[in-house]
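Work through the exercises below with the sequence and the model open side by side. Try each task before reading its solution.

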Amino acid sequence: MHGDLRQAFSDPAPTWRAIPFWSLNDRLDLDEIRRQLRAFKRGGFGGAYLHSRIGLLTPYLREDWWEAMDVGVDECEKLGIEAWFYDEDKWPSGFAGGIVPLQSEDFHARYMARMPLDRTLPDDATLLAKDDHWQYVCCKVQMGNAWFNGTCWVDLLNPDMVKAFIDCTYQPYAQRYAKNDRNILRGIFTDEPQFQPRWPVGDDAILPFSPIVLDDFKSRCGYDLTDHMASLFGDVDAQSGKVRLDYFRTLAWRLEQSFTKQIADYCDQTDMIWTGHYNGEESFMSVLLNVGNMMIQYRHMQQPGIDHLGLSFGHPQSTHAMRCLSSVANQYGQQRRLSEMFGISGQNMSFEDRCWIADGHAIMGINHICPHLTLYSMKGCRKRDYPPTISPQQPWWEFNKPAEDRMARSAMLSSQGQYPAELLVIHPQESVYIDLQHGGQGPQERYVKRYDDFLKVIQTLQDHHRDYDFGDEQILADIGKVVGEQLHVGQMSYDCIVIPSMATIRPTTLMLIEQLIEAGGKVIVTDHLPQRVEGMPNDEALKPLKNKVILTPVTKLAQQLAEIKTPAVTLTGEMSDQIWIHRRIVNGKPLVMLLNRNRLHTINITLDIQSITDPICFNPTTNQVHALNQPIEIELAPAQTLFIGDGSLCAKDQRDPMPACKGATIMSMDLAGKWQLKRDSPNSITLDFASISRDGGKTFSEYEPVLAIHERMTRDQWSGDLTLRYKAKIDVLPSDCSLVIEQSEIYSQVRVNGKVIKTSDQTFWTDRTMHCQSITDVLQVGENHIELDVAYIAPVPTSLDAVKRYGTEIESVYLIGNFGVHAVVSDKPKVPTQRSTVSMLPDVSIQRFSAFSIGDEIRELTDITADLTLHGYPFFAGQMRLSTTFDLPEIQTGKRYWLKLDRPNVTVVVPTINDQKLQPLAWCPWELDITESLIAGENHIELELVNSLRNLLGPLHHRDGELTRVSPQSFGGGTSWTCGGQGDDDWYDVRLGREPRIWRDDYHMIALGLGCAPRIVVREG
């Protein structure tokens, strides 16, 4: 056991490694599929989800698609990594790329709308009921929706529709790749299923609905819903809250039966693992409007999951979603739990960012990492598909494996043994049914207050290091029972219950609470008892609780818990609440994961863990396992993770020597002065503005964003012969320069300064679709024109034909080579960035530029702290080296010498000292013991800096500078849920007359370089 655990920790198996969403988003080439999978293996991935995505040109679920799937599965098997599938073309799951809605109108999604009495009913609408003020109407969503390939969203509450979805999507995968001796088929991912209608027409108050619900409601609740329609939208009588309670329970049950259980049962019968996540996990309201009850859906999945979006961790809203998932999984014995993480965080997402978020999931019991997104192709719109791209196209890819190792070690180790929850928190989801007003539209004061109160409970338990689960009332009714002095819920047991602010409670929950109290268990109620039972006022049923529970304000919850239940883990020290924990019991002994969720401060704590007498430390970053002294004193750098366990988990001959404590600092020497600079990657400039000619070059328009040209011509459905003209200003001719064009094969002619350039797709840069050709000999000082002729075909977004759907994708072009890029600093005032408003994140410096020209390149830096975007590299994406020498009169015996960086403005730094290449630095504390590499006298140091695609691809023109939530709309000026405000759907026309709300013509670049002078720090040994 000891050796096995040590080996598993050192080199985690593929199943513990990240399995990314691999966006199959172009015309698929079989050799390219194999090549990219091999790169995934080298980069530390454990497999891939073969995911049909925005931009796919290979016909979905047709012969060529299956040939690509065959090759992907075959290559995964050869590499010893896992092949997983995806059940949809894009998302949400259910419409099968348009196949299902075309089979029958009965499969189209419906919704209930409350309309004024004088409103004419829409086409395909059915009147359900009327009262003195409103008419209640069943409406069908319309065909022709571009997102659904010209079809529409579907009715997941209809079991026949779901059966059709299974038949055309799940069945082919099951039949083609059924498990056998080769163990090919791991499982299949479902993405954002929901019963919420997608983009209904009109501004009426609406609710999720399906005609099937009327009979369900009557048979389950015993009365006719159409007699109580007004109660669904507000309080009209004493029974209104109960009507809403019954309605949303019915919706949640119907989704569970029609969609969740039907697919889960099919996957179980065909030996597939069903994984993925539903839509809207974070808030009570989003759960209500998307699935009714999230936790009862999770219990049927072989590997349930969530979606975690954006550059964030530790907010109570996301903690709520994570805990809902892990609680159900704990109770139903689902060992693996998925999170689709990292999506929309932007191209500048660092290794530390990713490890912080992934380890944050492990702290919550979530152990299957599904990175979003790994791009097969970056051409056209694909590069803007909710970045980052965590792919071989990134300059840092060759350094990716250590980060994957670190995350996999945390996922593996946090899954050992069992989770010993100390208490159960009753989940108040059903109270939100009571709180709901106006169909979720308009003021929701009661809901907001209840949600905030519950988030305070979560934050309190997290910050005070308590182990807990949530208890869903339906699950409690189904599998909860009091045995001895504990409440058993499936595989979990609890002797303490917390009841948060609740409007209503079930009789079955009350019965379990009373039984637990009688058996000696403790029940804490925060602030007040529930007001209702089963949706109706019932003081008589609640009266017995009043004298048996412990009533406490939520602000005193931690203190009250400490009085009745001694914490299993105690942390002391300043900012100890910023350290979150996850406790396991392995072979009868505790194993505790610690994560410093703070990104700005190193935190020192003293740790006390019950039942540990021989403490050892597992360090997932360094792959070391070593003994600890007692008392246990720990230093955790920002985002650092450590596991503290009992010595029985790793035999002494399997342990590493105890690392020496960092001694006191004796001396620190800044390595200022001159540094030499040398690039290992070509410099670059993005040309994303162009003018166009539609008359064969006789006249040209004003220069404007290429994205604006494409969006306008898509809107106007203009097709025809088009010439694109880009311009580049050159002050000094470069010694080498190449033109990079996406899909050079679509252009009939390419000219630079009037001279025809013969392009080729044999040489590429960054992405296989970005073809490059030398143009050094045709450049000139001054303005240079690059012209591309193309027979432009406007995209038809509603077409079922993918080739027509994407049309001709015109894009920026790039110049790469040996040159510097002089950037003109904008005269517009700097404004706070979106990232700077996130208190937990280290800020990133932004430069704002208005124009660029190509000139001489610097070879030397006199100020090592300089931002290199101001010194010739505003668009640079790649690797460069900085080098200098420094003198050490002697190497002092017994002292340790450290290279220390402040957080640099790059992704990775690779030090080389006296020709010895050392381990890369990619996260805090950004320091390395270099004692063994130093010599007395002159020492040579070289720092290889590796950055990301952020300054090359953007978003470059967003009002908010550096973003933490990036969508396709972030690259233009349209409105998106990620934008934090209203945009302009016609931003390309708006900018001709005024400044748009979101788009800026200026360029926003993140800083590049070390930021501060490197230091040699001498410490006591």
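The exercises that follow concern a predicted model, and they cover helices, salt bridges, a pocket, cavities and one strand residue.

**Exercise 1. Helix α7**

Task: Check whether the end-to-end distance of helix α7 agrees or disagrees with its number of residues, then describe its course and its surroundings.

Solution:
- Step 1. Helix α7 covers residues 240–269, which is 30 residues.
- Step 2. The expected span is 1.5 Å times one less than the number of residues. For α7 this should give 44 Å.
- Step 3. The end C-alpha atoms of α7 are 42 Å apart, so the distance agrees with the expected span.
- Step 4. Along its course, α7 has a bend of about 40° at glutamate 256.
- Step 5. Of the 30 residues in α7, 23 are buried, so the helix is mostly covered.
- Step 6. After α7 comes aspartate 271, which has a positive phi near 60°.

**Exercise 2. Helix α14**

Task: Repeat the length check for helix α14 and find which residue just after it takes a positive phi.

Solution:
- Step 1. Helix α14 has 19 residues, 445–463.
- Step 2. From first to last C-alpha, α14 reaches 27 Å, close to the 27 Å expected at 1.5 Å a residue.
- Step 3. The residue just after α14 with a positive phi is histidine 465, at about 60°.

**Exercise 3. A salt bridge between arginine 382 and glutamate 809**

Task: Locate the two partners of this salt bridge in the chain and decide whether each is buried or exposed.

Solution:
- Step 1. Side chains of opposite charge can pair when their charged atoms come close. The cut-off used here is a nitrogen to oxygen distance within 4 Å.
- Step 2. The side chains of arginine 382 and glutamate 809 meet at 2.8 Å, N to O, in a salt bridge.
- Step 3. Arginine 382 sits in the loop between β13 (374–375) and α12, and glutamate 809 in the loop between α20 (802–806) and β45 (813–818), so the pair ties together parts 427 residues apart in sequence.
- Step 4. Buried means under 20% relative accessible area. Arginine 382, at 0%, is buried, and glutamate 809, at 7%, is buried.

**Exercise 4. Other salt bridges**

Task: For the pairs glutamate 857 with arginine 859 and arginine 994 with aspartate 984, state the distance and the burial of each partner.

Solution:
- Step 1. Glutamate 857 and arginine 859 form a salt bridge through their side chains at 3.8 Å, N to O.
- Step 2. In this pair, glutamate 857 is buried at 15% relative accessible area, whereas arginine 859 is partly exposed at 48%.
- Step 3. In the salt bridge of arginine 994 with aspartate 984, the closest N and O atoms are 3.4 Å apart.
- Step 4. Arginine 994 lies in the loop between α22 (987–990) and β55 (1003–1006), and aspartate 984 in the loop between α21 (950–953) and α22, 10 residues apart.
- Step 5. Arginine 994 is partly exposed at 42%, while aspartate 984 counts as buried at 4%.
- Step 6. For the wider picture, the salt bridge count comes to 69, and Arg34, Arg38, Asp74, Glu75 and Lys78 are linked in a network of salt bridges.

**Exercise 5. The second largest pocket**

Task: State the volume of the second largest pocket and work out what its lining is made of.

Solution:
- Step 1. The second largest pocket holds about 1,600 Å³ of space.
- Step 2. Its lining has 49 residues, with Asn619, Thr622, Gln624, Pro659 and Lys662 nearest the centre.
- Step 3. Elements that each supply at least two lining residues include α12 (401–413), β29 (615–619) and β56 (1015–1020). The largest share, five residues, comes from α12.
- Step 4. By class, the lining comprises 26 nonpolar, 12 polar and 11 charged residues.

**Exercise 6. The largest cavity**

Task: How many cavities of 30 Å³ or more does the whole structure have, and which residues lie closest to the centre of the largest cavity?

Solution:
- Step 1. The search finds seven cavities of 30 Å³ or more.
- Step 2. The largest cavity holds about 260 Å³ of space.
- Step 3. This cavity is lined by 19 residues, and those closest to its centre are Arg384, Asp688, Leu707, Ser812 and Leu953.
- Step 4. Both α19 (706–716) and α21 supply at least two residues of this lining.
- Step 5. The lining of the largest cavity divides into 11 nonpolar, four polar and four charged residues.

**Exercise 7. Alanine 83**

Task: Place alanine 83 in its strand and find how far it lies from glycine 47 in sequence and in space.

Solution:
- Step 1. Alanine 83 belongs to strand β3, residues 82–86.
- Step 2. Its relative accessible area is 3%, so alanine 83 is buried.
- Step 3. Alanine 83 and glycine 47 are separated by 36 residues in sequence, but their C-alpha atoms are 5.7 Å apart in space.

Conventions:
Residues numbered from 1 in each chain as written. Predicted model: local features only at pLDDT ≥ 70, side-chain atom pairs only at ≥ 80, totals over all residues. Heavy atoms only, no water. Helix = DSSP H or I, 4+ residues; strand = E, 2+ residues; numbered from the N terminus. Bend = angle between axes of the 7 residues up to and from the residue. Buried < 20%, exposed > 50% of the residue type's maximum accessible area, 1.4 Å probe, protein only. 1 Å grid on protein atoms, 1.4 Å probe; cavity = no way out; pocket = protein on both sides within 12 Å on 5 of 7 lines; lining within 4 Å. Points joined across faces, edges and corners; volume = space filled by probe spheres on them. Nonpolar A, V, L, I, M, F, W, Y, C, P; charged D, E, K, R; others polar.
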